[in-house]
Every structure is written in C-alpha cells, then in structure tokens.
2 protein chains.
Amino acid sequence: MRKFAIAILALASLGSAAGPKFNAKQELERPADYRNWVFLTSGLGMAYGPSAREMATPPFDNVFVEPKAHAEFLKSGHWPEGTTFVLELRRSLTGQSINKTGRSQGDVVAMEVAVKDSKRFSGGWGYFEFANGVASKAAFPATADCYSCHKENTAVDNTFVQFYPTLLEVARAKGVLKAAYLQTEQAAKK
Amino acid sequence: MRKFAIAILALASLGSAAGPKFNAKQELERPADYRNWVFLTSGLGMAYGPSAREMATPPFDNVFVEPKAHAEFLKSGHWPEGTTFVLELRRSLTGQSINKTGRSQGDVVAMEVAVKDSKRFSGGWGYFEFANGVASKAAFPATADCYSCHKENTAVDNTFVQFYPTLLEVARAKGVLKAAYLQTEQAAKK
C-alpha cells in the first residue's frame, strides 16, 4: 500500500512536469519548479553580441532543462516537442560570508525561457523573458535577435549544447552536432 | 499498463537514489548520478582559507544535493542521515564558441563529497575528494581542515546554506540558521 502511494506520488510528479503551459492570451506561464529540473551549466558574465563588454558586476546564468526532455536527448540526441529551457540570471556577490576571492550567487535578476513548439513558432522555438514577479509572458516577436542568434550559432537544434559539457559529449557521440558548429570548432583549434 | 510501467520506472528511480554506498574497505563509492540531483549553486574561484588568492584560471564549483535529502530539508529545515552533497569543480573557459566576455564551464577537475552519517563520523559528517577516474575513496582524516571549517563557518548543520540562495530562504523561514552565522551576517551589514 505504501509502495503504491509512492508510485501515485511519482506519477503525479511526472504529470506536473508534462510541458509548458500557455494561457488564453497565448502567453507562457512562468515555469514554477525549474529549480528541480536538470542543471546543465552556469556561466559568469557571458555575452555574445557585437556590443558585449566585460561587466563590473557580471551575473551568473544557471541553465536548467525539463527532465523528460533531458532523458529524451540522452536517448536520441534530439529535443522533443514541448522541451523547455530556463536560463536563470542571478546577481554575483564578492566577499559573501567567509568567501575571500571569486564570486558566489545572490538574488534572481531575471529568467529567460525557450520552448520548442513547432505549431506555435515558425522556427520551431519561442523565446521569453520574465522579470521578477511576472506570472505570464508573450514570446518575443520573431524579429528579435534571440531567434536569429539561436538559429545561426547553436550546436544542436537551436540549443547552445556547446556550453553544456555533459550534453556536448552526448551530441558528439550521437553525431547530431551541426556541420556549421563543427567547422567553427575546428577553426578555433587552429 | 503503460501508466503502471511508468510507475515502476519511477519507483526504480527513487530506489536508486537511496543514499551513499560504502564498500568493504569503508570507502565511499563515487556518486554516479549526481548530475540528476538538485542543483544548489555555482560559484567561480571561491576560496576561504588564510592562503586564499585570486586565481588566474578560477574553477567553477557546482553544488548538488541528493533529491530525497533536499525534499526533507524543504519540509523540516534539517538534513536527514545519509544526506549527500557533491561539489563538482570544473575548469572555466574564456572565449568559448561565440562567447566574448566572462567564463563558461569546461571539463571536470575534481569532485568533493560530503556525507551525513553520525554512526561513521564523530562530528556527524564525512568529507571526501575524488580525482577524475577514482571509483572509491576513504574519508579525509578527522584532523583535516574541512571538518573544522564546516563545523565553525556553516549556517546550518555543517552545510554552507549561506551560499545556496534557495535554501537560505527556507532556513531563515524555519529558524534553523545557527546563532553564530546570524551574528556574522549582522556584522557584515554594519
């Protein structure tokens, strides 16, 4: 009976992670439990665009992916429909508690979300930004930089697998790295 | 039938996270699936001791805790027997792929582990370090710095909850922060 109860609980928990939720206005609801998803990496002060500059107070960016999508990627090297990524930006702190060098993590500054949904988004993926306290949000318009940058510079299917060490190994083993990414990787080794 | 199969799978997955394993030599076996545990934080180039210096190539430290222990902490503010933490040290990279500033994560350098087991360890917790490729490891001797540092400087029960933003809120709400930690926090605000 106890085992059965645990099984029901586990099913309920699997059910609640069943994918992104959109409201009647077609806005994405803020992912609630992403801190229990699979962690992929954290960077500090990363920036990509032509205006990228070293920052005086660089934020950390923690990347999480929904566990069922992660399991599918490990198996097939592909992201299923409904795959959701969260990039959580946190303030970085110096000298916190007994720490004497480097940086530790502070409060959340903002959250960025990517959702794979080929019916909603012409390029297959939609991009969102949630300020603190925002419950739901429309996707950025298709003209926003995120769409072109993710399309052109990602290693696998609009996702920056080159920055996720555990998945980069998987993608390489499964042969799903884009030819364009492999070329830039080769060029960087010269 | 399909639902039942998922339930069995979920039970199996819960079972595999059932705590630290020690071999016949009383060495801890290397935690295998910690990248699927709950992520608590990542720091860059953090150092505590009197000899702490800024590093030319600071490592990232990703902290994970076993999910059942995490769930218990959220509920009670206490770490149960068998609680296991992994601190994964990774090389930090500059200029990887399209990244122009800051740092992203590279290969694993080493892994540190903390296990709560009051029968094995007189202070309640044991500390371990695994170089890459090491399958099992004896705890550091009780005279090692890690024991005294964790005992004296941690916010909750030998754990550096002050560096884990999501748990610091929980600990504060549950009133489990140590008096000594609260004093240093107050002093830092002055």
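What percentage of the 190 residues of chain A count as buried? In this predicted model, the share of chain A that counts as buried is 33%. The C-alpha trace of chain A extends over about 60 × 45 × 35 Å along its principal axes. Five helices and seven strands make up the secondary structure of chain A. Read from the N terminus, the order of the elements in chain A is α-β-β-β-α-β-β-β-β-α-α-α. Of the contacts in chain A between residues at least 6 apart in sequence, 49% link residues at least 24 apart.

The confidence scores of the model are ipTM 0.89 and pTM 0.90. For chain A, the mean pLDDT is 91, and 91% of the residues reach 70 or more. A pLDDT below 50 is found over residues 4-17 of chain A, a stretch that nevertheless has 18 contacts in the model beyond near neighbours in sequence. Predicted coordinates should not be read in detail where pLDDT is low.

The arrangement of the two chains was examined by superposition. A turn of 180 degrees, with a shift of 0.0 Å along the axis, lays chain B on chain A with an RMSD of 0.0 Å. The two copies are therefore related as by a two-fold rotation axis. The surfaces used by the two chains were also compared. Of the interface residues of chain B, 100% are also interface residues in chain A, so the copies meet through the same surface.

The contact between the chains involves 44 residues from chain A and 43 residues from chain B. On the side of chain B that touches chain A, at least two residues each come from α1 (2-16), β2 (38-47), β3 (60-65), β5 (101-116) and α4 (165-174) of chain B. The element that gives the most to this side is β2(B), with nine residues. By residue class, the side of chain B that touches chain A consists of 18 nonpolar, 18 polar and seven charged residues.

Strand pairing also crosses from one chain to the other. Strand β2 (residues 38-47) of chain A and β5(B) run antiparallel and are joined by two bridges. Within this pairing, A:L44 has B:R103 of β5(B) as its bridge partner. Strand β5(B) is also paired inside chain B. With strand β4 (residues 84-93) of chain B, β5(B) forms nine bridges in the antiparallel sense. One residue pair in this set is B:L89 and B:A110, the latter in β5(B). With strand β6 (residues 125-131) of chain B, β5(B) shares seven bridges, and these two strands likewise run antiparallel. B:A110 recurs here, with B:A131 of β6(B) as its bridge partner. B:A110 is thus bridged to B:L89 and to B:A131.

Backbone geometry was considered at residue 26 of each chain. In chain A, A:Q26 has a phi near 65 degrees, which is a positive value in a residue other than glycine. The position of A:Q26 is in the loop between α1 (2-16) and β1 (28-29) of chain A. A:Q26 counts as exposed because it has 10 C-beta neighbours inside 10 Å, where the cut-off for an exposed residue is 12 or fewer. In chain B, the phi of B:Q26 is positive, at about 65 degrees, although B:Q26 is not a glycine. B:Q26 is located in the loop between α1 and β1 (28-29) of chain B. With 10 C-beta neighbours inside 10 Å, B:Q26 is therefore classed as exposed.

A further position was examined in the helical part of chain A. A:C149 belongs to helix α3 (residues 145-153) of chain A. A:C149 has 16 other C-beta atoms within 10 Å, so it is classed as partly exposed; a buried residue would need 20 or more. The C-alpha atom of A:C149 is separated by 9.2 Å from that of A:Y48, although the two residues are 101 residues apart along the chain.

Methods
Residues numbered from 1 in each chain as written. Chains lettered and ligands numbered in written order. Predicted model: local features only at pLDDT ≥ 70, side-chain atom pairs only at ≥ 80, totals over all residues. Contact = placed C-beta atoms within 7 Å. Helix = DSSP H or I, 4+ residues; strand = E, 2+ residues; numbered from the N terminus. Nonpolar A, V, L, I, M, F, W, Y, C, P; charged D, E, K, R; others polar. Pairing = 2+ DSSP bridges. Least-squares fit on C-alpha atoms with pLDDT ≥ 70 in both. pLDDT = per-residue confidence, 0-100.
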